[in-house]
Amino acid sequence: MRVRLTGARRLSLQVMAIISMLGAGVLGATGPAQAASGLAGLSSVAQAEIAAGSAAYISEAQLATSGCGVSCDGRDPQTFKIYYNGSSYYTCGEDATSPVKQDFRSYGGPVVEIRVSARCRTAWTKLDSGNFNPTIKSFNLSGALRTSESGFIQGLWTRMLNNKDLLAQGCAGSGSIVYCTTAKYRG
């Protein structure tokens, strides 16, 4: 079960998670001194967006080897910013492709796409119609469900999930009717 937090509690937890990830080297630094210097080089706007949870700092070296990992779980691929220096950033939607696309229209369903970002190593579901609820599912390579995100955020897509060394499956549902891509995309 996923719990959604709002307001000051969410911001406080996000700031604590960022501080923890910086200290652990998850956000591109290898220790507290390097983490502080990495963020110190960022613009004040970037630092504020990172503190607010609407952006992350990830070094280009980490992106090349790991993508943005769980930092991107549950984020909008079109608006969540990945800062890599100063005020330079990109969004995962910028390099998105659709390696898996399945057409369920002949069965009364939508076209379901698994959208992926090679740079971020993330995946999300996009539909061609708003008549169904989209879901992106993330599986471990063993086949066990890791997590999922459902519902539109803007337009016709879901939030994104980490897809490095994982499997992604796109689905669309309406009541008891669910259409899922036959293929899963391995990131």
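This is a walk through a few parts of the structure above, which is a predicted model.

Let's begin with a small sheet. Three strands form an open sheet in the order β1-β2-β3, and their pairing is mixed. Look at the two strands on the outside: β1 (55–57) and β3 (88–91) stand at the edges with a single partner strand each, so one side of each has no neighbour in the sheet. From one strand to the next, the twist averages 30 degrees.

Now zoom in on one pair of strands. Strand β2, made of residues 81–85, pairs with β3 in the antiparallel sense, and four bridges join them. If you would like one bridge to find on your screen, try I82, whose bridge partner in β3 is Y90. The sheet also has a helix packed on it: helix α3 (residues 44–52) touches β1 and β2, and its direction makes about 135 degrees with that of β2.

I82 turns up again in our next stop, the nonpolar core. In soluble globular proteins, nonpolar side chains tend to be buried together. Here, the largest nonpolar core has 14 residues, and the ones with the most contacts inside it are C68, C72, I82 and C92. What is C72 in contact with, leaving aside its neighbours within four places in sequence? The partners of C72 are F80, I82, C92, T122 and M160.

T122 leads us on to strand β6 (residues 122–127), where T125 is found. Is T125 buried or exposed? Buried means under 20% relative accessible area. T125 has a relative accessible area of 0%, so T125 is buried. Its side chain reaches the backbone oxygen of T135 at 2.8 Å. Apart from neighbours within four places in sequence, T125 is in contact with a list of residues including V112, E113, P134, I136, L156, W157 and C171, as well as T135 itself.

Our last stop is N163, which lies in the loop between β9 (161–162) and β10 (167–174). You might wonder about a residue in a loop, so let's check the value: N163 has 3% relative accessibility and therefore counts as buried. Not counting residues up to four places away in sequence, N163 touches R121, T122, A123, A168, Y185, R186 and G187. T122 is thus on the contact list of N163 and also on that of C72. Finally, N163 and F139 are 24 residues apart in sequence, with 8.8 Å between them in space from C-alpha to C-alpha.

Note on methods:
Residues numbered from 1 in each chain as written. Predicted model: local features only at pLDDT ≥ 70, side-chain atom pairs only at ≥ 80, totals over all residues. Heavy atoms only, no water. Pairing = 2+ DSSP bridges. Axes fitted to C-alpha atoms, helices over the stretch in contact; angles between N-to-C directions. Contact = heavy atoms within 4.5 Å. Core = buried A, V, L, I, M, F, W, Y, C linked by side-chain atoms within 4.5 Å. Buried < 20%, exposed > 50% of the residue type's maximum accessible area, 1.4 Å probe, protein only. Polar contact = N/O pair within 3.5 Å; in protein donor to acceptor, adjacent residues only side chain to side chain.
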